[in-house]
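The exercises below are meant to be worked through with the sequence and the model in view. Please try each task before reading the solution that follows.

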Amino acid sequence: MNIRNLLIYPLRLILLVLVQIFLLKNLALFGHAFAFLYLLGLLLMPISMRTIPLLLIAFGLGFIVDLFYETIGLHTAAATLLAFLRPIWLKVISPTGGYDDLQTPSFNQMGLGWFLSYSFPLVFGFSLMFFGLDQWGFGSFFSVLNKSLFSSIFTCLLAILVQLLFFKRRRGI
Amino acid sequence: MLRILQFLYRIRAFLLFILLEVAAVWMVVTNNSPQGAAFFNSSNAVIGSVLKKQADLVQFFSLAQANEQLADENAQILEKLQSFSRPADSVYLQLDSLLMVSYEFKGARVIGNSIRFSQNYITLNKGAKDGVKPGMGVFNSDGVIGRVKSVSQNYAVAFSLLNTGLLVSSKIKTTNDFGSVQWDGGDASEANLLYIPRHVKAQPGDTVITSGFNAVFPEGIPIGVISEVNPDKDNPNYLQIKLKLAVDFGKITYVYLVENTQFEELDTLFQQSEVSNEY
């Protein structure tokens, strides 16, 4: 962890949260597909990061987003779940030979297929928790599933686009 | 003993996860119950001011529409004023002046709004400083919008009608049968009218207005138009009525707040006579 990394992770989180609460808050494609782009900040934490700090960061991040969404607890619960599942899922899908030290699981470093299989299930888990809690006792299971599926597709697409546009490509292989 | 401690230490991440998750769910539950103490919401000064900045910017683009709406409303008010001026040759009865002053109105601007969740809230730019109190009704020229939940010095948060926890006492205009309007968490342009007995001849196209019974809204504020009438499958005594809401919740910018100045007196009376009244 050098000084550059120490700066870049918090800055990225702050920027993504700002984008989330100012631009993406009122966006819902067809009333079903929400964009939870701030999750990208959690997904791109270094692979070597331990579970406990990640859980605390996710809890705080979810809470801040909740304050602006008027949905106290929903983002918090779902983001905490994502942070808990992430190290487990990373272990499950680790490539042969394991990860390099200090690697971030980004699209540019790991490639499209790996990034999709990494981010999609995690974001889907997040969405299930989010919409399940939101519609507790009211919405049907089908509508929860529907919203979760389209939201996670939309979020993953946006996450890949953002990385393509704003992240430095790794030169050569 | 040492083994137990070692075991607990090994699953510390899982324990922390459970703890945080329980805390989050607890927040969801306390925030969504209407009486629950809500502290962290957008009536908080910092969050309110950020949302206001955002609303200021977005509002610029809907100024024309807001103007049009205000002009329409002015026209309606002028029309009403006309009907108050006495015709030259008629008997005039003075109404009880108490009746006239039992409602007080205030204006406010919407700075935060959501329609996509099953518990939606609206943030307004007026707070305790401007005389806004929890429990006031919120409406605009189209119809009922919600009810104030909590206030801070400068901002207020209101339950939107698009909140599954809010019931609004209402009646069908033509037949005067009363029931409650509740949103079902689905389509943002539709709601249900509950507790209308089966013998009532409700028809698609009938207007539904506030009943004036619950002492929050004055009588006669539109809520919506009936779009569908079916017998209720679960409870054969009632009809299942769907409303097309009068307000387009995606576009609300300016709203009115209404307070019943005799609310406390009514409330005490209800409590004394042990009548439970819905709000």
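**Exercise 1.** How are α1(A) and α3(A) oriented to each other: roughly parallel or roughly perpendicular?

*Solution.* The model is predicted, and the steps below rest on its computed geometry. Two packed helices are described by the angle between their axes and the distance between the axes.

Step 1: Locate helix α1 of chain A at residues 3–24 and helix α3 of chain A at residues 51–69.

Step 2: Take the two values for this pair, which are an angle of about 25 degrees and a distance of 10 Å between the axes.

Step 3: Angles under 35 degrees count as roughly parallel, and α1(A) and α3(A) are therefore roughly parallel to each other.

Step 4: Add the sense of the crossing, which is right-handed where α1(A) passes α3(A).

**Exercise 2.** Find which residues of α1(A) and α3(A) meet each other.

*Solution.* Step 1: On the side of α1(A), the residues to mark are L13(A), V17(A), Q20(A), I21(A) and L24(A).

Step 2: On the side of α3(A), they meet I57(A), L61(A), I64(A), V65(A), F68(A) and Y69(A).

**Exercise 3.** Describe chain A as a whole, starting from its secondary structure.

*Solution.* Step 1: Counting the elements gives seven helices and two strands for chain A, and reading along the sequence places them in the pattern α-β-β-α-α-α-α-α-α.

Step 2: Chain A has 173 residues, of which 53% count as buried.

Step 3: Among the contacts of chain A with a separation of 6 or more, 71% are accounted for by residues 24 or more positions apart.

Step 4: The accessible surface of chain A is about 8400 Å², and carbon and sulfur atoms contribute 72% of that area.

**Exercise 4.** Describe chain B in the corresponding way, starting from its helices and strands.

*Solution.* Step 1: Chain B contains six helices and twelve strands.

Step 2: Its length is 279 residues, and 40% of these residues count as buried.

Step 3: For contacts in chain B with a separation of 6 or more, residues 24 or more positions apart provide 61%.

Step 4: The accessible surface of chain B comes to about 16100 Å², with 58% of it belonging to carbon and sulfur atoms.

**Exercise 5.** In which order do the six strands of the barrel that contains β6 of chain B follow one another?

*Solution.* Step 1: The barrel closes in the order β6-β7-β8-β11-β10-β9 of chain B, with antiparallel pairing. In this sheet, neighbouring strands are turned against each other by 40 degrees on average, direction ignored.

Step 2: Strand β6 (residues 168–172) of chain B is joined to β7 (residues 178–182) of chain B by four bridges, and within this pair S170(B) lies opposite G179(B).

Step 3: Strand β9 (residues 207–210) of chain B pairs with β10 (residues 222–231) of chain B over three bridges, where V208(B) stands opposite G224(B).

Step 4: Strand β10(B) also pairs over seven bridges with β11 (residues 239–245) of chain B, and here V229(B) faces I241(B) as its opposite residue.

**Exercise 6.** Trace the barrel of chain B that contains strand β1.

*Solution.* Step 1: Six strands of chain B close in the order β1-β2-β5-β4-β3-β12, and the pairing is antiparallel. The average turn between neighbouring strands of this sheet is 45 degrees, direction ignored.

Step 2: Strand β1 (residues 103–113) of chain B and strand β2 (residues 119–124) of chain B are paired over three bridges, with V110(B) opposite L124(B).

Notes. Residues are numbered from 1 along each chain as its sequence is written. Chains are lettered from A and ligands numbered from 1 in the order in which they are written. This is a predicted model: local features need pLDDT of at least 70, side-chain atom pairs count only at pLDDT 80 or more; totals for chains, interfaces and linings use all residues. Side-chain values use heavy atoms; hydrogens and water are left out. Buried means under 20% relative accessible area, exposed over 50%, partly exposed in between (1.4 Å probe, protein chains only). Contact means heavy atoms within 4.5 Å. Accessible areas come from the Shrake-Rupley method with a 1.4 Å probe; for residues, only the protein chains shown count as cover. Two strands pair if DSSP finds at least two bridges between them. Axes are lines fitted to C-alpha atoms, for helices over the stretch in contact, and angles run from 0 to 180 degrees between N-to-C directions. Angles under 35 degrees count as roughly parallel, over 145 as roughly antiparallel, 65 to 115 as roughly perpendicular and the rest as oblique. A crossing is left-handed if the near helix is turned anticlockwise from the far one by less than a right angle, and right-handed if clockwise.
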